[in-house]
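Reader: I have just opened this model and would like to be taken through it step by step. Where would be a sensible place to begin?

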Amino acid sequence: MELLTTRQALDQWVEDAYRAGHRVGFVPTMGALHAGHISLFQTARQGCDRVIGSIFVNPTQFGPNEDFQRYPRTLEQDQSLLEQAGCHALFLPAVVDIYPEGHQTRVQVGALAEDLCGRCRPGHFQGVATVVAILFNLVRPRVAYFGLKDYQQFLVIRRMVDDLAMPLKVVGLPTVREADGLAMSSRNRYLDEHARAQAAALFRALKRAQELYAAGEEDPAALEATARAVLTTAGITRIDYVAARDPETLAPMVQCKKNPVILIAAWVGSARLIDNRQLIRN
Ligand code: AMP
């Protein structure tokens, strides 16, 4: 795997790949890689001739009191996981490679980015959309792979790519989970033993909502209340949101005729965790 630490090195690699006629697939990450990330690389390997990942802890998507400083950085281990996954190149930009002196343009997606995590984390999706747009322009991939674990993020990026006519395909892939259902996340490293046990309640809450929906419940408030009760019973009380929403627009629904997605953001110990599930009728 080639390590690319400057824009110039990246540009050379991309040029070579295209000159050789390769289809380039891209997986942007913030590192502290786990099996969820690796599943994206594996799928990219199946669909593309050349796979490139990036690791960049993007300062502009963190709020002033968020975890930018303490976000886990495990580069050596990440490199060996990516080697094993057959990744061809890894872009490791410094902050100045992404935001050179004088940078002042931001990408702001509309309504999709305003509610839920957009409301709880002001500026977050602007930071995400901006860094992903810059990375797409630098890497120029044909396909980019994202996890549906970050469901709102996936919709925001897909919207941006459509709206700005960016010439690539965006693929969303299923959430990889621990044995007890907890969605894998770099932030799970923040969980102590007690919090780790509590965290499994997010998955159980989604599961309860699924059971209720399958049994015929279509009232979003009832689905949300059931999920919320599972969290509070487990001792999770700092809940940013539990929301049953339209799966395409994330708009609230009066009645869940169309299969809703239920989304949760909650604090467990010192970690803010998110998860979601699209509800289906069996
Ligand atoms: P991050 O490093 O957290 O920015 O995530 C990089 C990519 O990995 C994003 O597209 C995430 O949605 C995806 N991802 C994170 N956790 C998981 C997971 N448990 N399963 C699948 N994809 C994931």
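Author: Let us begin with a term: two strands are said to pair if DSSP finds at least two bridges between them. Please keep in mind throughout that this is a predicted model.

Reader: With that in hand, which residue is the bridge partner of Gly25 in strand E5?

Author: Strand E2 (residues 24-29) and E5 pair in the parallel sense over two bridges, and this number meets the requirement of at least two. Gly25 belongs to one of these bridges, and its partner in E5 is Val143.

Reader: On its other flank, which residue of strand E3 does Val24 stand opposite?

Author: E2 also pairs with E3 (residues 50-55), again in the parallel sense, here over six bridges. The two strands, together with helix H2 (residues 35-47), make a right-handed β-α-β unit. Within E3, the residue opposite Val24 is Arg50.

Reader: How many of the residues of E2 are buried?

Author: In a regular strand the side chains alternate between the two faces of the sheet. In E2, Val24, Phe26 and Pro28 point one way while Gly25, Val27 and Thr29 point the other way, and all of them are buried. The strand is therefore largely enclosed by the rest of the structure, the number of its six residues that are buried being six.

Reader: Which strands stand at the edges of the sheet that contains E2?

Author: The sheet is an open one of six strands with parallel pairing, in the order E1-E4-E3-E2-E5-E6. Two of its strands have a single partner strand each, so one side of each is left without a neighbour in the sheet, and these are E1 (2-4) and E6.

Reader: By what angle are neighbouring strands of this sheet turned against each other on average?

Author: If direction is ignored, the average turn between neighbouring strands of this six-stranded sheet is 25°.

At one end of the order, E1 pairs with strand E4 (residues 89-91) in the parallel sense over three bridges, and Leu4 has Phe91 as its bridge partner in E4. Helix H7 packs on the sheet, touching E5 and E6, but the angle asked for, between neighbouring strands, is 25°.

Reader: How far does H7 reach from its first C-alpha to its last?

Author: H7 (residues 151-163) has 13 residues, and at 1.5 Å a residue a span of 18 Å is expected. Its buried residues include Phe154, Leu155 and Met160, and among the elements that cover the buried residues are helix H6 (124-139) and strand E8 (261-268). The reach of the helix is close to the expected value, at 18 Å.

Reader: What is the order of the open sheet of three strands?

Author: The pairing in this sheet is antiparallel, and its edge strands, E7 (239-245) and E9, each pair on one side only. E8 and E9 are joined over eight bridges, with Ala265 opposite Ile274 in E9. Helix H8 (residues 193-214) lies across E8 and E9, and the order of the strands is E7-E8-E9.

Reader: How many disulfides does the structure hold?

Author: The sulfur of Cys87 is 11 Å from the closest cysteine sulfur, in Cys48, which is too far for a bond, since a disulfide requires sulfur atoms within 2.5 Å. Both residues are buried, Cys48 with a relative accessible area of 8% and Cys87 with one of 5%. For the structure as a whole, the number of disulfides is zero.

Terms used:
Residues are numbered from 1 along each chain as its sequence is written. This is a predicted model: local features need pLDDT of at least 70, side-chain atom pairs count only at pLDDT 80 or more; totals for chains, interfaces and linings use all residues. Side-chain values use heavy atoms; hydrogens and water are left out. Helices (H or I, at least four residues) and strands (E, at least two) are DSSP runs, numbered from the N terminus. The expected span of a helix is 1.5 Å times one less than its number of residues. Buried means under 20% relative accessible area, exposed over 50%, partly exposed in between (1.4 Å probe, protein chains only). Contact means heavy atoms within 4.5 Å. A crossover is right-handed if, with the strands pointing away from the viewer, the path from the first strand over the helix to the second runs clockwise. Axes are lines fitted to C-alpha atoms, for helices over the stretch in contact, and angles run from 0 to 180 degrees between N-to-C directions.
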